[in-house]
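Please find below a short note on the structure shown here. The points go from the whole chain to single residues, and each may be checked against the displayed model.

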Amino acid sequence: MTTRGDLFDPGCPTRRLLDRIGTKWVSMIVKTLAEVSPGELGFAELRRRIPGVSQKMLSVTLQGLTVDGLVARRVEPTVPPRVHYRLTDLGLSLEVPLSALRMWAEEHMAEIDRHG
């Protein structure tokens with residue numbers, strides 16, 4: 001049985017979540033899509049709004065977020081197909097804790113940098 005809050009246990013919900021969403025790209029995608037919520041963004045527009053993300057990294061990260069039910073994907077049947085993304089309600093609920101983490105980082109990163 002998984003012990004709740006035991007980060008050393010691979011089954012810990014927190015550890016499992018961090019394994020899935022613990023990258024800067026997830027945070028940037030969620031923030032960017034939250035800014036247009038309830039709207040959606042096409043892949044190219046999403047890539048333009050996230051500096052430094054490669055096409056492959058954006059694609060792989062969006063696939064993971066879609067599989068996890070955090071992002072919804074809509075394909076326009078055009079040639080070539082246009083793909084649009086939006087946050088689901090579950091994904092939108094992730095913006096609150098990620099925003100709190102960003103605020104904490106803005107408040108404390110200078111101090112952390114001084115120690116590093």
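1. Aspartate 68. The note begins in the loop between H4 and strand E2 (71-76), where aspartate 68 is found. The model is a predicted one. Is aspartate 68 buried, exposed or partly exposed? Its relative accessibility is 26%. Buried would require under 20% and exposed over 50%, so aspartate 68 counts as partly exposed at 26%. Apart from neighbours within four places in sequence, aspartate 68 is in contact with Arg20 and Leu90. Leucine 101 lies 33 residues from aspartate 68 along the chain, and the C-alpha atoms of the two are separated by 21 Å.

2. The chain as a whole. The protein chain contains 5 helices and 3 strands. Read from the N terminus, the order of these elements is α-α-β-α-α-β-β-α. Along the principal axes, the C-alpha atoms fill a box of roughly 50 × 40 × 25 Å. The chain has 116 residues, of which 28% are buried. Among contacts with a separation of 6 or more, 40% are between residues 24 or more positions apart.

3. Helix H5, its length and its kink. What span should the 27 residues of H5 have, at 1.5 Å a residue? The expected value is 39 Å, and the end C-alpha atoms of H5 are 39 Å apart, so the two agree. H5 nevertheless has a kink of about 50°, centred on histidine 108. The reader may wish to locate both features in the model.

4. The buried residues of H5. Gly91, Leu94, Glu95 and Leu98 are buried in this helix. The buried residues of H5 pack against helix H1 (13-21), H2 and strand E3 (82-87). A general point on helices is useful here: an α-helix has 3.6 residues a turn, so residues three or four places apart point the same way.

5. The packing of H2 against H5. Helix H2 comprises residues 24-36 and helix H5 residues 89-115. The two pack at an angle of about 115°, and their axes are 9 Å apart. The crossing of H2 and H5 is left-handed. Which residues meet at this contact? From H2 there are Ser27, Val30, Lys31 and Ala34, and from H5 there are Gly91, Leu92, Leu94, Glu95, Leu98 and Arg102. By class, the contact of H2 with H5 consists of 5 nonpolar, 2 polar and 3 charged residues.

6. Serine 27. This residue is found in helix H2. With a relative accessible area of 18%, serine 27 is under the 20% cut-off and is therefore buried. Not counting residues up to four places away in sequence, serine 27 touches Leu98 and Arg102. Both of these partners appear among the H5 residues that meet H2.

7. Tyrosine 85. Strand E3 holds tyrosine 85. Its relative accessible area is 7%, so tyrosine 85 is buried. Once neighbours within four places in sequence are set aside, its contacts include Leu33, Glu40, Leu41, Phe43 and Leu46. Leu62, Thr66, Val71, Ala72 and Arg73 are also in contact with tyrosine 85. Tyrosine 85 and glutamate 95 are 10 residues apart along the chain, with their C-alpha atoms separated by 16 Å.

8. Serine 59. Helix H4 (residues 55-67) is the place of serine 59. Because its relative accessible area is 29%, serine 59 is partly exposed. Phenylalanine 43 is 16 residues from serine 59 in sequence, and the two are 8.4 Å apart in space, C-alpha to C-alpha.

9. Two cis peptide bonds. Most peptide bonds are trans. Where, then, are cis bonds found in this model? One joins serine 37 and proline 38, with omega about 10°. Proline 38 lies in the loop between H2 and strand E1 (41-42). The peptide bond from valine 79 to proline 80 is also cis, with omega near -5°. Proline 80 lies in the loop between E2 and E3.

10. Proline 10. The segment before H1 contains proline 10. Is proline 10 buried or exposed? Its relative accessibility is 57%, over the 50% cut-off, so proline 10 counts as exposed. Leaving out residues up to four places away in sequence, proline 10 touches Arg15 and Arg16.

Technical notes
Residues numbered from 1 in each chain as written. Predicted model: local features only at pLDDT ≥ 70, side-chain atom pairs only at ≥ 80, totals over all residues. Heavy atoms only, no water. Axes fitted to C-alpha atoms, helices over the stretch in contact; angles between N-to-C directions. Helix = DSSP H or I, 4+ residues; strand = E, 2+ residues; numbered from the N terminus. Left-handed = near helix turned anticlockwise from the far one by under 90°. Contact = heavy atoms within 4.5 Å. Nonpolar A, V, L, I, M, F, W, Y, C, P; charged D, E, K, R; others polar. Buried < 20%, exposed > 50% of the residue type's maximum accessible area, 1.4 Å probe, protein only. Expected span 1.5 Å × (residues − 1). Bend = angle between axes of the 7 residues up to and from the residue.
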